[in-house]
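Please read the points below with the model open beside you. They are meant to be checked one at a time.

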Amino acid sequence: MTEPLVAIDKKSKTPVYRQIYAQIREKISSGALQPGILLPSIRSLSAEIGAARNTVNDAYRQLQLEGFIVSRRGSGFRVVGLPSME
């Protein structure tokens with residue numbers, strides 16, 4: 001069995017979407033998630049960690065806004081890498 005992408009703490013004061021966002025962002029920044037890697041679908045990640053789909057969607061949307069991941073309709077979410085600081 002593989003290790004989950006993220007682990008959430010429902011007792012934490014940090015919102016779940018922020019926990020997901022921060023853990024994925026850290027994995028991208030550290031190189032644990034390389035550019036081109038396909039992230040789990042929103043539905044599958046939400047089921048895996050026991051979070052609402054909207055919560056996972058919010059985390060992915062923030063990562064996308066910051067340039068860490070991209071989405072193409074029907075192709076899922078892919079890691080881009082570290083955003084450029086131009």
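The numbered points cover helix packing, one aromatic pair, a hairpin and two single residues.

1. Status of the model. This is a predicted model, and side-chain atom pairs count only at pLDDT 80 or more.

2. Helices H1 and H3. Helix H1 (residues 16-30) packs on H3 at an angle of about 45°, and the two axes are 8 Å apart. Angles under 35 degrees count as roughly parallel and those of 65 to 115 as roughly perpendicular; H1 and H3 are therefore oblique to each other. The crossing of H1 past H3 is right-handed. On the H1 side, the residues that meet H3 are Val-16, Tyr-17, Ile-20, Tyr-21, Ile-24 and Arg-25. Their counterparts in H3 are Thr-55, Val-56, Asp-58, Ala-59, Tyr-60, Gln-62 and Leu-63.

3. Helices H2 and H3. Helix H2 (residues 42-49) also packs on H3, with axes that come within 8 Å and cross at roughly 120°. That angle makes H2 oblique to H3. Here, too, the crossing is right-handed. From H2, the residues Ile-42, Arg-43, Leu-45, Ser-46 and Ile-49 meet Arg-53, Val-56, Asn-57 and Tyr-60 of H3. Val-56 and Tyr-60 are thus listed against H2 and also among the H3 residues that meet H1.

4. The aromatic pair. How many aromatic pairs does a search of the whole structure find? The search finds one. It consists of Tyr-60 and Phe-77, whose ring centres are 4.8 Å apart and whose planes stand at 65°, so the pair is edge-to-face. The cut-off for that label is an angle over 60 degrees. Tyr-60 belongs to helix H3 (residues 53-65) and Phe-77 to strand S2; the two are 17 residues apart, and the pair links distant parts of the chain. Are Tyr-60 and Phe-77 buried or exposed? Both are buried.

5. The hairpin. Strand S1 (residues 69-72) and strand S2 (residues 76-79) run antiparallel and are joined by four bridges. Two of the facing positions can be named: Ile-69 stands opposite Val-79, and Val-70 stands opposite Arg-78. Three residues lie between the strands of this hairpin, and Gly-74 has a positive phi near 85°. Phe-77 of the aromatic pair sits in strand S2, so the ring contact with Tyr-60 ties this hairpin to helix H3.

6. Gln-19. This residue is part of helix H1. Its relative accessible area is 9%, and Gln-19 is therefore buried, the cut-off being under 20%. Outside its neighbours within four places in sequence, Gln-19 is in contact with Ala-7, Ile-8, Asp-9, Ser-12 and Thr-14.

7. Asn-57. This residue lies in helix H3 and is one of those that meet H2. With a relative accessible area of 27%, Asn-57 is partly exposed, whereas Gln-19 is buried. Between Asn-57 and Lys-11 there are 21 Å in space, C-alpha to C-alpha, and the two are 46 residues apart in sequence.

Conventions:
Residues numbered from 1 in each chain as written. Predicted model: local features only at pLDDT ≥ 70, side-chain atom pairs only at ≥ 80, totals over all residues. Heavy atoms only, no water. Pairing = 2+ DSSP bridges. Phe/Tyr/Trp six-rings, centres within 6.5 Å; stacked < 30°, edge-to-face > 60°. Buried < 20%, exposed > 50% of the residue type's maximum accessible area, 1.4 Å probe, protein only. Axes fitted to C-alpha atoms, helices over the stretch in contact; angles between N-to-C directions. Parallel < 35°, antiparallel > 145°, perpendicular 65-115°, else oblique. Left-handed = near helix turned anticlockwise from the far one by under 90°. Contact = heavy atoms within 4.5 Å.
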